[in-house]
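Me: I should like to test each description of this protein against the rule behind it. May I begin with the composition of one lining?

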Amino acid sequence: MKIILENLNKDFNEVKAVNNLNIEIKDGELVSLLGPSGCGKSTTLFLIAGLHKPTSGNIYFDDELMNNIEPEDRGIGMVFQNYALYPHMSVLKNIMFPLKMQKINKKESEKLAIEMAELTKIEDLLDRKPSQLSGGQQQRVAIARALVKKPKLLLLDEPLSNLDARLRIEMREEIKRIQKEVKITTVFVTHDQEEAMSISDKILLMKDGIYQQYDTPKNMYTNPKNKFVAEFLGNPPINFIEGRFNKDTKVIRLGNTGLTIDGKDEEIDKEILSIGIRPEDLIITDKEKANFEITIKSLQTMGKEIYVMGDIGENKDIVLVTSWDHNLVVGEKVPIHIRKFHVF
């Protein structure tokens with residue numbers, strides 16, 4: 001099912017939770033709604049689900065206007081943050097419950113429920129109660145229950161936030177596998193940028209109810225449309241240095257450090273800039289290839305890589321990511337090459 005949100009607005013008293021949102025979600029895509037707390041991502045999901053009515057604007061499912069259609073008539077499956085399983089029912093009965101509501105006979109319901117249990121790899125747990133399951137197993141039951149009535153759209157609201165770090169990684173891979181197997185259009189709300197980057201076909205990044213960028217994870221990371229997008233994506237975060245652009249020489253001067261970079265390939269129409277450099281785009285190199293030197297202030301070991309904090313003068317610190325190949329020592333000067341930078 002294709003989803004179109006057209007000039008969509010949702011106000012709560014004086015607060016604009018969603019502000020003039022226009023996007024299209026293609027049939028079979030997995031789209032993440034990403035952003036900080038209070039950015040409007042869950043409100044957008046609830047508008048799609050029909051749990052909120054839009055203040056203005058339109059929601060279309062396959063070109064059919066949905067604004068006044070009740071949630072139960074929208075052909076959606078939904079998984080909430082707390083799974084909302086019935087504690088007194090077995091796993092099998094929990095999965096069958098939506099079919100019981102649709103008055104589908106018991107034999108057919110059981111067959112469909114077992115199919116979904118096999119898809120979500122919980123077929124061995126059908127006789128257990130939710131209290132006898134781990135968080136990851138409960139999550140699978142909730143997904144099986146959402147999918148059992150063969151919806152055209154799957155909506156997931158922060159479904160992994162109650163799981164520990166290792167299980168979150170495992171479950172996001174499972175959600176991606178199930179989604180591709182069933183070929184269902186899916187909207188996934190998360191505040192975790194790594195989760196969104198790893199699972200999505202496209203990401204909608206929001207801030208204060210306003211669309212910031214709607215793009216593939218790769219494009220959003222490599223070509224951020226504004227400073228907020230650049231800052232929100234990436235760990236460790238992007239470095240920002242104030243720059244001054246000389247339109248005659250096409251040179252960008254970095255703060256008061258005395259350092260300059262070539263801006264001739266950039267489309268720049270302002271003098272004062274913010275230069276963003278991702279930590280992985282700062283490369284330790286030979287002196288003759290270097291743009292500048294840093295003085296190492298601290299080293300943080302992160303398993304397969306090292307985060308290096310360095311001073312580039314005028315008390316300006318930057319962070320870079322490097323491998324174990326370099327024997328780095330706090331206090332030493334290291335030559336650095338800038339592989340890529342962003343101008344805001």
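Me: What does the lining of the second largest pocket have by class, and how do you know?

Reply: The lining of the second largest pocket has four nonpolar, one polar and four charged residues. Ala, Val, Leu, Ile, Met, Phe, Trp, Tyr, Cys and Pro count as nonpolar, Asp, Glu, Lys and Arg as charged, and the others, Gly among them, as polar. The residues to be sorted are M89, K93, M96, F97, K100, I104, K106, S109 and E110. The model is predicted, so local features need pLDDT of at least 70 and side-chain atom pairs pLDDT 80 or more, while totals for chains, interfaces and linings use all residues. Residues are numbered from 1 along each chain as its sequence is written, and side-chain values use heavy atoms, without hydrogens and water.

Me: What makes a residue part of this lining, and which helix gives the most?

Reply: A lining residue has an atom within 4 Å of a pocket point; on a 1 Å grid, a pocket is an open set of points with protein on both sides within 12 Å along at least five of seven lines. Helix 2 gives the most to the lining of the second largest pocket, with four residues. Helix 2 and helix 3 (106-119) each supply at least two residues. Helices are DSSP runs of H or I of at least four residues, and strands are E runs of at least two, numbered from the N terminus. The volume of this second pocket is about 210 Å³, a volume being the space filled by probe spheres set on the points.

Me: What volume does the largest pocket have, and which residues are the closest to its centre?

Reply: The largest pocket has a volume of about 610 Å³. Of its 22 lining residues, I76, G77, M78, P98 and K149 are the closest to the centre. Strand 6 (76-79), helix 2 (91-101) and helix 4 (135-147) each give two or more residues to this lining. Sorted by class, the lining of the largest pocket has 13 nonpolar, three polar and six charged residues.

Me: Why is helix 2 called oblique to helix 3?

Reply: The two helices pack at an angle of about 120°, with their axes 9 Å apart. Angles under 35 degrees count as roughly parallel, over 145 as roughly antiparallel, 65 to 115 as roughly perpendicular and the rest as oblique. An angle of about 120° belongs to the rest, and therefore helix 2 is oblique to helix 3. L92, I95, M96 and L99 in helix 2 meet residues in helix 3, including K106, S109, E110 and L112; to meet is to have heavy atoms within 4.5 Å. The residues of this contact divide into nine nonpolar, one polar and two charged.

Me: What term describes helix 4 relative to helix 5, and why?

Reply: Their axes come within 11 Å and cross at roughly 20°. That value is under 35 degrees, so helix 4 is roughly parallel to helix 5. G136, Q139, R140, I143 and L147 in helix 4 meet residues in helix 5, among them L167, E170 and M171. This contact has seven nonpolar, two polar and three charged residues.

Me: What makes E158 worth noting, and where is its place?

Reply: Phi of E158 is near 45°, a positive value in a residue other than glycine. E158 is in the loop between strand 7 (153-157) and helix 5.

Me: Which residues does a cis peptide bond join?

Reply: A cis peptide bond joins N235 and P236, with omega about 0°. P236 is found in the loop between helix 8 (227-232) and strand 11 (239-246).

Key. On a 1 Å grid over the protein atoms alone, a cavity is a set of points where a 1.4 Å probe fits but cannot get out, and a pocket is an open set with protein on both sides within 12 Å along at least five of seven lines; lining residues have an atom within 4 Å of a point. Axes are lines fitted to C-alpha atoms, for helices over the stretch in contact, and angles run from 0 to 180 degrees between N-to-C directions.
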